[in-house]
Amino acid sequence: VFYPGPYVLESRQERLLDLIRRAGGLTEEAHPDGLRVYRDGKLLATDLLSAIRDPASRYNLVLQPGDSLYVPEYDPTVLVTGAVTFESLVPYEPGRGIDYYVNRAGGYTYVADPGRLTITYQDGERAAVRRRRLFFDGKPRVGPGSTIYVPEKPEAERGGFNFQQFITSTTGMMSAVLTVLLAVDKLSQ
């Protein structure tokens, strides 16, 4: 907005668009899709573009004392993090899906669980991959300023050979055997 800062509500029915108007309106750099409204420290879901299109809609929230608004600048990137080869900021490409961004970050690691992947949008909304029993039902859209998080599979579901665990176990057993052999050698002298 042109004049950010604290504002006192002028009435009990002051709405989101009223306050944005009083703050001078949105700058050219503003990203209305990224609007975050906090009430009592919790994110309050709304859609500023829908409120602008239809000021009578439910998206033009009646504000309460203590509400906090944040309108970010447009962020032309997507952060890909978690169980991917390289955590990366990838330039946003309209229409591209999750797999495009994950591949640009080097792909999934062997412990990745793409079935539990989540996206956090710039406005704080979250979405997860939906799955049915035998196949994935749908993947959420990706937007500018989003964060794609790929979690790791739980330890019990990983399966396969864990080289690091093998080395740790083998080293521990060898230490124990050497300790016993040294003790036996000392006793036999």
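**Strands, a buried aspartate and salt bridges**

Gly-82 has Val-150 as its bridge partner in strand β10. The model in which this pairing is seen is a predicted one. Gly-82 belongs to strand β4, which covers residues 77-82 and runs parallel to β10, the two being joined by 4 bridges. Strand β10 also pairs with β6 (residues 118-120), here in the antiparallel sense and through 3 bridges. One position in that pairing is Thr-120, whose bridge partner in β10 is Thr-147.

Strand β10 itself spans residues 147-150, and its side chains alternate between two faces. Ile-148 and Val-150 point to one face and are buried, whereas Thr-147 and Tyr-149 point to the other face and are not buried. Val-150, the partner of Gly-82, is thus on the buried face, while Thr-147, the partner of Thr-120, is on the other one.

A further part of the chain forms an open sheet of 3 strands in the order β2-β1-β3, with antiparallel pairing. Strands β2 (42-44) and β3 (68-70) stand at the edges; each has a single partner strand, so one side of each has no neighbour in the sheet. From one strand to the next, the twist averages 35 degrees. Strand β1, residues 36-39, pairs with β2 over 3 bridges in the antiparallel sense. Within this pairing, Tyr-38 has Leu-43 of β2 as its bridge partner.

Tyr-38 also leads to the next residue of interest, Asp-67. Leaving aside neighbours within four places in sequence, Asp-67 is in contact with Tyr-38 and Arg-39. Asp-67 sits in the loop between α2 (48-53) and β3. Is this loop residue buried or exposed? Its relative accessibility is 18%, and because the cut-off for buried is under 20%, Asp-67 counts as buried.

The side chain of Asp-67 has polar partners on both side chain and backbone. The side chain of Arg-39 makes a polar contact with that of Asp-67 at 2.7 Å, and the backbone nitrogen of Gln-64 lies 2.9 Å from a polar atom of the Asp-67 side chain. Arg-39 and Asp-67 also form a salt bridge, with their closest N and O atoms 2.7 Å apart. This pair links distant parts of the chain, since Arg-39 is in strand β1 and Asp-67 is in the loop between α2 and β3, 28 residues apart. Both Arg-39 and Asp-67 are buried.

The model has 6 salt bridges in total. Among them is the one between Arg-22 and Glu-10, whose closest N and O atoms are 3.3 Å apart. Arg-22 lies in helix α1 (residues 16-22) and Glu-10 in the segment before α1, so this pair ties together parts that are 12 residues apart in sequence. Arg-22 is partly exposed, with a relative accessible area of 26%, and Glu-10 is exposed at 62% relative accessibility. Arg-22 and Glu-10 also belong to a network of salt bridges that includes Glu-14.

Another salt bridge, between Arg-21 and Asp-18, has an N to O distance of 3.3 Å. These two residues are 3 apart in helix α1, which means that about one helical turn separates them. Arg-21 is exposed, with a relative accessible area of 56%, while Asp-18 is partly exposed at 28%.

Key: Residues numbered from 1 in each chain as written. Predicted model: local features only at pLDDT ≥ 70, side-chain atom pairs only at ≥ 80, totals over all residues. Heavy atoms only, no water. Pairing = 2+ DSSP bridges. Axes fitted to C-alpha atoms, helices over the stretch in contact; angles between N-to-C directions. Buried < 20%, exposed > 50% of the residue type's maximum accessible area, 1.4 Å probe, protein only. Polar contact = N/O pair within 3.5 Å; in protein donor to acceptor, adjacent residues only side chain to side chain. Contact = heavy atoms within 4.5 Å. Salt bridge = Lys/Arg side-chain N within 4 Å of Asp/Glu carboxyl O.
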